Amino acid sequence: MFTLTLRDTLTKNLAGLFFFGSAVLMSSTILRAESARPNILLCVADDAGLHAGAYGTDWVSTPTMDRLADHGLLFQRAYTPNSKCGPSRACILTGRNSWQLKEAGNHWASFPLEFKSVAEVLNENGYHVGYTGKGWLPGKAFDANGKRRDILVNQYTDLTLDPPTSGIHIVDYVANFKTFLNDGQSEEPFFFWYGGWEPHRKYEFQSGRKVGGKSLEDVKWIPEFWPDTDVVRDDILDYVFELEYFDARLGEMVDELEARGILDHTIIIVTSDNGMPFPRVKGQTYEYSNHLPLIIYWPEGIRSAGRSVDEFVSLIDLVPTFLEVAGIEADRSGMASITGRSLSPILENRPSEQVRDHVLLGKERHDVGRPNNVGYPTRAIVEGDFLYIINFEPGRWPVGNPEAGYANTDGGATKTEILEGRTDPSLHHFWQWNFGKRPQEELYQISEDSDCLRNLAGYPEFVDKRNKLRLRLLQRLAEEGDPRMAGHGDIFDEYLYMDPKSTHLYERTMEGVEVRSAWLSPSDFEAGPVGIETLE
């Protein structure tokens, strides 16, 4: 693991000048000259929330992320527009919100040819481009000739290893990264996507304890909407074990960059695509669903490193940032118009006329599991201390019909634990919070209720706040050309679901067809209809 040889001797004011005792900040402005274009290492964990030491979770060991944050920037209010793998990654790669991406705004979608990815643009402009692990998935993309189109250009996944558990992927991320670096030319900058499959499910149950050496008492956080049981604690530890694996591989990549003498000239971005793969988190539109880690490290381009950034940022802001540091004009890139804003003022620690005071969230169809493959459309805004949500189809089951396995929540120990308590009056509220139907409007004060369980939308004292947030949300969506604002939201349900194995899951289940799914457990499927009460 890389070391910080001068960490104990540097003052806070010098944190931006030195890293590992070697890196000197070369400029107070973003470098754009051809000879100075930086390398970009974008590291995207698969289903990771704000569980790192840098974010105050001291019972999770993430030394690499912590050290990059100490000598870079730690973003406190970074959000993905959409809390599901496919659409979130499409947002990251295009700089557009998911309702602006047509089919790619859905999960298991087709990626429209009209949307060029930032990886493709960098490849066309002299960057050596590649990725390992999980790229833009799940979905399918084709070029104008109908041939397979790789959104991230060059795949490096051939080298494998024997993973420590059955839940860890066999791809040797570090070895493939080294191969990628060896394939590049010394004078060309690189863009590399480290797409760890971790901590995505399925987990090897109790691997956190049996392999990771953890104990149930290590868990210091359980949201109110999950029962505090040994099963749930084990599930959390298994998630933590995989997140720590992701961090360790990142550390080895940083070591490799340092050994090659190119660490200081590389921007390292660490984030995730959506929140942890647990009930009421991944695939939903709540605080833990969309609020994600974001750490940026770049000795040559960050002024006053070691800062904690409290401004709202969206993951769509990465694309314009990458284009700017690469010296590529957005209007000449061939990309569709970019909604995100460059983060360069934050990197340079200078005032900006476009300080973001809110972020927009939403979703359409994720995993299928309702009649006719329909989704559960939402839009939301986070402004100040409040999260306001519109559920456009409150009559639908938010995570999918019970008979079809509540398909938009990944199968796992915590899900099973909650479902087993559905008919127990003392435990039924857990089922209602995680799987029950929801009202059309939701309003939460995040600082007081980060679990998002106390819906303030109907309280008289919050009516004015609710109405103002609703108006601003709808106005912003209309400005962005959201089809739902023009009465055409059904188009998202009409787009093809590209996975033939699970399409029309509800209908096939109701016909008695046994549907095998990698992300659902047999016990997830209810034998018949269940109560339809709504938690106000």
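Helices (H or I, at least four residues) and strands (E, at least two) are DSSP runs, numbered from the N terminus. Welcome to a predicted model, in which local features need pLDDT of at least 70 and side-chain atom pairs count only at pLDDT 80 or more, while totals for chains, interfaces and linings use all residues. Residues are numbered from 1 along each chain as its sequence is written, and side-chain values use heavy atoms, leaving out hydrogens and water.

**View 1. Helix H6, from its span to the glycine just after it.**
Helix H6 covers residues 230-259. Its 30 residues reach 43 Å from first C-alpha to last, close to the 44 Å expected at 1.5 Å a residue (1.5 Å times one less than the number of residues). Of these 30 residues, 23 are buried, so H6 is largely enclosed by the rest of the structure; buried means under 20% relative accessible area, exposed over 50%, and partly exposed in between (1.4 Å probe, protein chains only). Just after H6 you will find Gly261, with a positive phi of about 75°.

**View 2. Helix H4 packs with H6.**
H4 spans residues 173-183, and its axis lies 9 Å from that of H6 at an angle of about 30°. Axes are lines fitted to C-alpha atoms, for helices over the stretch in contact, with angles from 0 to 180 degrees between N-to-C directions. The two helices are therefore roughly parallel (under 35 degrees; over 145 is roughly antiparallel, 65 to 115 roughly perpendicular, and the rest oblique). On the H4 side, look for Tyr173, Val174, Phe177, Lys178 and Leu181, which make the contact (heavy atoms within 4.5 Å). Their partners on H6 are Tyr245, Arg249, Glu252, Met253, Glu256 and Leu257.

**View 3. Helix H1 packs with H6.**
H1 takes in residues 63-70. Here the axes are 7 Å apart and the angle is about 55°, so H1 and H6 are oblique to each other. H1 contributes Pro63, Thr64, Met65 and Leu68 to the meeting. H6 answers with Leu243, Asp247, Leu250, Gly251 and Val254.

**View 4. Helix H10, between its neighbors H6 and H11.**
H10 holds residues 413-420, and 6 of its 8 residues are buried, so the helix is largely enclosed by the rest of the structure. The buried ones are Ala413, Thr414, Lys415, Thr416, Ile418 and Leu419, and they pack against H6 and helix H11 (428-435). Between H6 and H10 the angle is about 160°, with 8 Å separating the axes. That makes H6 roughly antiparallel to H10. At this meeting, Val231, Val232 and Asp235 of H6 face Ala413, Thr414 and Glu417 of H10.

**View 5. The loop between strand S6 and helix H5.**
As background, most residues other than glycine have a negative phi, and most peptide bonds are trans. The loop that follows strand S6 (190-195) and leads to H5 includes Pro199, and the bond joining Glu198 to Pro199 is cis, with omega about 5°. Lys202 sits in the loop between S6 and H5 too, and the peptide bond from Arg201 to Lys202 is also cis, with omega near 10°. Gln206, another residue between S6 and H5, has a positive phi of about 70° although it is not a glycine. Its relative accessibility is 19%, so Gln206 counts as buried.
Ser207 belongs to helix H5 (residues 207-210). With a relative accessible area of 2%, Ser207 is buried. Leaving aside residues up to four places away in sequence, Ser207 touches Thr165, Gly212, Asp238 and Phe241.

**View 6. Arg280 and Ser289, around the loop and helix H7.**
Arg280 lies in the loop between strand S7 (266-272) and H7. This residue is not a glycine, yet its phi is positive, near 65°. Arg280 is buried, with a relative accessible area of 5%.
Ser289 is part of helix H7 (residues 287-290) and, at 0% relative accessibility, counts as buried. Not counting residues up to four places away in sequence, Ser289 touches Arg280 along with Thr80, Ser83, Asn274, Gly275, Val281 and Gln284.

**View 7. Gly481 and Trp99.**
Gly481 is in the loop between helix H12 (463-479) and helix H13 (491-494). At 49% relative accessibility, this glycine counts as partly exposed. Along the chain, 382 residues separate Gly481 from Trp99, while their C-alpha atoms are 8.1 Å apart.
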